[in-house]
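Reader: I am a first-year student, and I would like to look closely at a single part of this model. Could you take one helix and walk me slowly through its surroundings?

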Amino acid sequence: MKKPGRPSAASLAIVPPNPSEGTLPRSPLPTAPPHLSAEAGGWWQAVVADYDLEPHHLRLLQSAAEAWDRMQQARQALADHGALTFTDPNGNIKAHPCVAMERDARIAFARLVRELDLDAGAPAERSRPPALHSNRRL
């Protein structure tokens, strides 16, 4: 049994929570990386406001936003070129390299959004990888 007297320094260091104070203040939301486009940066801010993301989720979110930007850049390059194909010096018709870049970026974006569990709605009944734990704020 403890002897009565002065409290120890260790017991004074432990401060019980005050229920009248409510919850702890939230830390400020992380800002979008500056190299993202305005559109991708706005999407970033919307996602971090709606979801509880761990540091590794923020890296996935950054990759998704970069994939979106890359897809848009490839789409713009195709529009500037004016066609999905070109003719090489031997007269062969070839796909423009930006077609593959746009496709790859679209696939990467879709996979990252799914990995972050950002898709809205219930999972489909068809076979696909199992759903991940949701990060949505309650």
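Author: In helix α2 of this predicted model, the buried residues are A40, G41, W44, V47 and V48. These residues lie on the same side of α2, because they cover an arc of only 125 degrees around the axis. The general background is that an α-helix has 3.6 residues a turn, so residues three or four places apart point the same way. The helix itself runs over residues 38–50, and its 13 residues reach 19 Å from the first C-alpha to the last, close to the 18 Å expected at 1.5 Å a residue.

What do the buried residues of α2 pack against? Their partner is α3, which covers residues 55–81. One residue that lies in helix α3 is E66, and this residue is partly exposed, with a relative accessible area of 28%. Although 25 residues separate E66 from G41 in sequence, their C-alpha atoms are 9.7 Å apart in space. If residues up to four places away in sequence are not counted, E66 touches H35 and L36. The side chain of E66 also makes a polar contact, at 2.8 Å, with the side chain of Q62.

A second way to follow the surroundings of α2 is through its aromatic rings. The model has two aromatic pairs. In one of them, W43 and F109 are tilted, with 5.5 Å from centre to centre and 55 degrees between the planes. Since W43 lies in helix α2 and F109 in helix α4 (residues 97–115), this pair ties together parts that are 66 residues apart in sequence. The two rings belong to residues with different labels: W43 counts as partly exposed because its relative accessibility is 26%, whereas F109 counts as buried because its value is 18%, and the cut-off for buried is under 20%.

F109 also forms a tilted aromatic pair with W68, and here the centres are 5.2 Å apart, with 55 degrees between the planes. W68 lies in helix α3 and F109 in helix α4, so this pair ties together parts that are 41 residues apart in sequence. W68 is partly exposed, at a relative accessible area of 23%. Taken together, the ring pairs link W43, W68 and F109 into a cluster.

It helps to turn next to α4 itself. At 1.5 Å a residue its 19 residues should span 27 Å, and its end C-alpha atoms are indeed 27 Å apart, which agrees. The buried residues of α4 are C98, E102, A105, F109, L112, V113 and R114, and they pack against both α2 and α3. Just after α4, D117 takes a positive phi of about 60 degrees.

Finally, these helices can be considered through the nonpolar core. The largest nonpolar core holds 17 residues, of which L36, W44, V47, L53, L61 and L118 touch the most other members. The elements that give two or more residues to this core are α2, α3 and α4. As general background, in soluble globular proteins nonpolar side chains tend to be buried together. Returning to α2, W44 and V47 are among its buried residues, and both are also among the core residues that touch the most other members.

Terms used:
Residues are numbered from 1 along each chain as its sequence is written. This is a predicted model: local features need pLDDT of at least 70, side-chain atom pairs count only at pLDDT 80 or more; totals for chains, interfaces and linings use all residues. Side-chain values use heavy atoms; hydrogens and water are left out. Helices (H or I, at least four residues) and strands (E, at least two) are DSSP runs, numbered from the N terminus. The expected span of a helix is 1.5 Å times one less than its number of residues. Buried means under 20% relative accessible area, exposed over 50%, partly exposed in between (1.4 Å probe, protein chains only). The arc is that of the directions from the helix axis to the C-beta atoms. Contact means heavy atoms within 4.5 Å. A polar contact is a pair of N or O atoms within 3.5 Å; within protein, one must be able to donate a hydrogen and the other to accept it, and residues adjacent in sequence count only if both atoms are side-chain atoms. Rings of Phe, Tyr and Trp (its six-membered ring) pair if their centres lie within 6.5 Å; planes under 30 degrees apart count as stacked, over 60 as edge-to-face and the rest as tilted. A nonpolar core is a set of buried Ala, Val, Leu, Ile, Met, Phe, Trp, Tyr and Cys residues joined through side-chain atoms within 4.5 Å.
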